Amino acid sequence: MLDILTGAISLGLLWAVMTIGVYITYRILDIADLTVEGSIVMGAAIAAKAISNGVNPFAALFLALFGGMTAGFATGLLHTVLRIPALLSGILTMIGLYSINLRILGRATLSLLKLDTVYTVFESRGMDRTSSTILLGLICVSAIICILYWFFGTEIGCAIRATGRNPQMVRAQGVNTNTTKILGLIISNGLVALSGALIAQNQTFADLQMGTGSIVIGLASVIIGEVLFGKKNFMSRLISLVLGSVIYRIIIALVLELGMPANDLKLFTAITVALALSLPVLREYLYPVKNSIKEGN
Amino acid sequence: MLKIQGLYKVFNPGTVNEKLALRNIDLTLEEGDFVTVIGGNGAGKSTLLNCVAGVYPIDRGSIVLDGIDITKMPEHKRAAFLGRVFQDPIMGTAANMGIEENLALAYRRGQKRTLKWGITNKERALYRELLGPLGLGLENRLSEKVGRLSGGQRQALTLLMATLKRPKLLLLDEHTAALDPKTAQKVLEETDKLVKEGNLTTMMITHNMRDAIKYGNRLIMMHDGQIILDIKGEEKKNLTVEDLLSRFGKASGEEFANDRVLLS
Ligand SMILES: Nc1ncnc2c1ncn2[C@@H]1O[C@H](COP(=O)(O)OP(=O)(O)OP(=O)(O)O)[C@@H](O)[C@H]1O
Ligand SMILES: [Mg+2]
């Protein structure tokens with residue numbers, strides 16, 4: 001049982017990096033960005049290919065990050081310069097990435113078995129796979145949270161945050177909202193790809209299909225974090241994303257343990273997210289508002 | 001200060017919804033002019049201000065602001081010269097951010113955004129000082145989310161943001177229309193004060209004829225995409241609502257029609 005728990009925690013930390021990426025587009029930019037389905041695979045593919053070609057596993061993480069950023073940039077250009085709706089822009093990049101990822105991998109699955117990964121560095125110092133994953137996951141997640149906390153407090157970061165809520169006002173304050181949207185998409189997809197690289201090295205293979213449904217997993221984690229820990233200040237929101245991702249993995253581990261077939265997982269996640277997203281409507285239905293006077297939002 | 005020449009704006013050209021919203025507008029504002037803009041529904045008032053602000057491209061003509069041709073300049077670049085307040089209080093601020101963060105965004109209007117911290121302690125002191133005279137108690141709620149403020153408070157804040165960095169031109173589009181009469185008066189007084197103190201060149205759309213007459217040194221009336229009246233100087237000072245209505249009738253050959261215009 002403890003094994004299941006620590007396993008879920010370690011996986012949750014790796015997926016937390018991706019969850020933070022999803023949060024940036026979904027909540028900060030107010031865009032449902034489907035690019036992530038492709039960029040998470042791209043990150044995994046780049047890392048796997050690089051490592052199998054003898055690149056240092058840590059350098060492979062940075063290559064993956066960079067690859068994801070270019071994917072985000074592509075979606076950003078489609079959405080802003082070419083004015084294609086955000087959802088469709090993401091789908092276009094995602095579809096395009098499928099071919100690109102296949103080219104990177106050269107086949108549907110690339111194994112990293114017996115090759116050095118970022119985790120073997122810790123394992124060679126006597127740690128087991130799970131604790132080295134948890135340690136590295138914690139390091140990555142903390143570093144990312146610190147950097148993002150700083151970044152979204154800067155002039156550029158503030159402009160990005162305002163863009164998601166009121167682009168018209170941001171333009172009236174002299175900011176090019178195309179640039180802020182593209183920046184947000186670049187950062188988001190960079191993180192998603194980094195997450196893919198961490199996951200691929202952890203499971204010791206990269207797979208062309210591993211991205212399917214990842215957007216829903218990201219959203220589920222974001223929402224679990226919000227429901228359980230509220231929407232307080234920015235730092236606590238970032239931390240709630242990590243907790244949300246970890247709790248999602250624990251829930252999944254539990255339902256699998258309770259005998260749910262693994263093939264039904266995606267359906268289970270989709271229904272959970274649908275329920276969570278419809279929470280406001282359900283609440284209205286279950287508890288009709290008696291007093292119509294509400295405070296400002 | 002502002003020179004608009006031969007401005008045309010067509011919406012949805014070539015479709016059944018084609019609409020010539022501005023036709024051959026010529027308008028020159030002197031430095032320090034405070035122009036009130038009045039006109040019926042769909043006269044083109046908002047469109048005129050939006051064209052000056054660069055919200056949409058124009059079809060013909062030119063716009064020169066303080067010697068700079070801004071006709072083709074993108075909206076976010078022109079913003080360096082413009083202060084804007086919109087009719088809807090929600091439009092002027094980012095609800096998910098604090099009062100001070102909104103002010104900090106406005107404080108950097110026209111400046112390149114960098115990786116420097118988005119707001120400094122020195123600024124906070126300045127904001128407190130500027131918010132105090134509004135009499136809304138906002139100076140003690142600097143970090144509170146703007147989404148929690150009332151419409152009037154948000155409009156007062158937007159007004160402050162629009163003038164925080166002195167604009168070459170202040171554009172106000174019915175910025176008190178969504179407020180209750182008492183709050184609207186307060187925000188108007190504040191507007192007048194800011195404009196006078198800063199000697200700001202200003203265009204203010206209003207649907208209140210009395211306000212249009214009371215404020216500013218010049219009044220223009222629009223009808224069907226054209227400026228049909230331009231009243232300044234002594235003539236403006238002695239203007240009455242009745243004058244205005246009868247002159248509108250003569251100039252346009254129609255009754256004045258704006259379901260939101262206040263005659264009383
Ligand atoms: N974005 C747009 N697309 C199409 N038509 C538009 C657009 N904006 C304005 N129009 C049309 O242009 C004309 C002028 O509209 P505008 O909003 O400038 O009027 P207004 O003088 O501000 O009126 P009101 O007093 O109702 O605010 C109207 O017929 C309007 O329907
Ligand atoms: Mg209007």
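**Entry 1: B:E100 and its partner**

I started at B:E100, which is buried, with a relative accessible area of 10%. The model is a predicted one, and I kept that in mind throughout. I then looked for a charged partner and found B:R124: the two side chains meet in a salt bridge, 2.8 Å from N to O. The partners are 24 residues apart, B:R124 in helix α4 of chain B and B:E100 in helix α3 of chain B. As a general note to myself, side chains of opposite charge can pair when their charged atoms come close.

**Entry 2: the helix around B:E100**

Next I asked how many of the residues of α3(B) are buried. I found 8 of its 9 residues buried, so by the 20% cut-off the helix is mostly covered. The buried ones are B:I99, B:E100, B:E101, B:N102, B:L103, B:A104, B:L105 and B:A106. What do they pack against? In chain A I noted α7 (155-165) and α8 (167-172), and in chain B α4 (121-131) and α5 (151-164).

**Entry 3: the interface of chain B and chain A**

Since α3(B) packs against helices of chain A, I turned to the interface. I listed 31 residues of chain B in contact with 24 residues of chain A. The two chains bury about 2500 Å² between them, and 57% of that lies on carbon and sulfur atoms. On the chain B side, I noted that B:H76, B:R113 and B:L115 supply 23% of the area that this chain buries against chain A, more than any other three residues.

I then looked up the polar side of the interface. The rule finds 3 salt bridges across it. One that I looked up joins A:R161 to B:E101, with the closest N and O atoms 2.7 Å apart. For polar contacts between the chains, I recorded 11 residue pairs, both residues at pLDDT 80 or more.

Which helices of chain B each supply at least two residues of the side that touches chain A? They are α2 (75-78) and α3 (99-107). The largest share of that side, 4 residues, comes from α3(B). By residue class I got 13 nonpolar, 9 polar and 9 charged for the side of chain B that touches chain A.

**Entry 4: other salt bridges**

Over all chains I have 19 salt bridges in the structure. I looked at two more in chain B.

B:E189 and B:K214 meet through their side chains at 3.5 Å, N to O. This pair links distant parts of the chain: B:E189 is in helix α6 and B:K214 in helix α7 (residues 209-214), 25 residues apart. I checked the accessibility of each partner. B:E189 counts as partly exposed because its relative accessibility is 40%, whereas B:K214 counts as exposed at 53%.

B:E234 and B:K237 form a salt bridge at 3.4 Å, N to O. Both sit in helix α8 (residues 233-237) of chain B, 3 residues apart, about one turn of the helix. I found both residues exposed. In chain A, salt bridges that share partners join A:R27, A:E226 and A:R237 into one network.

**Entry 5: nonpolar cores**

The largest nonpolar core has 78 residues, and I noted A:I20, A:V22, A:L148, A:F152, A:L191 and A:L198 as the members that touch the most others. Helix α1 (residues 2-28) of chain A gives this core its largest share, 12 residues. I took A:I20 as an example. Not counting residues up to four places away in sequence, A:I20 touches A:I144, A:I145, A:L148, A:L191, A:L238, A:L241 and A:V242. Another core lies apart from this one; it has 28 residues, including B:I25, B:A43, B:I58 and B:I70.

**Entry 6: single residues**

I looked up B:T176, in the loop between β7 (169-173) and α6 (181-198) of chain B. Is B:T176 buried or exposed? It counts as buried because its relative accessibility is 13%. Leaving aside neighbours within four places in sequence, I found B:T176 in contact with B:A184, B:V187 and B:L188.

A:R107 is in the loop between α4 (86-105) and β1 (109-111) of chain A. I noted a relative accessible area of 48%, so A:R107 is partly exposed. Its C-alpha atom is 8.8 Å from that of A:D207, 100 residues apart along the chain.

A:A270 lies in helix α12 (residues 265-277) of chain A. A:A270 is partly exposed, at 36% relative accessible area. I recorded 9.8 Å between the C-alpha atoms of A:A270 and A:L219, which are 51 residues apart along the chain.

Notes:
Residues are numbered from 1 along each chain as its sequence is written. Chains are lettered from A and ligands numbered from 1 in the order in which they are written. This is a predicted model: local features need pLDDT of at least 70, side-chain atom pairs count only at pLDDT 80 or more; totals for chains, interfaces and linings use all residues. Side-chain values use heavy atoms; hydrogens and water are left out. A nonpolar core is a set of buried Ala, Val, Leu, Ile, Met, Phe, Trp, Tyr and Cys residues joined through side-chain atoms within 4.5 Å. Buried means under 20% relative accessible area, exposed over 50%, partly exposed in between (1.4 Å probe, protein chains only). Contact means heavy atoms within 4.5 Å. Buried area is the accessible area (1.4 Å probe) that two parts lose on being put together, summed over both. A salt bridge is a side-chain nitrogen of Lys or Arg within 4 Å of a carboxyl oxygen of Asp or Glu. A polar contact is a pair of N or O atoms within 3.5 Å; within protein, one must be able to donate a hydrogen and the other to accept it, and residues adjacent in sequence count only if both atoms are side-chain atoms. Ala, Val, Leu, Ile, Met, Phe, Trp, Tyr, Cys and Pro count as nonpolar, Asp, Glu, Lys and Arg as charged, and the others, Gly among them, as polar.
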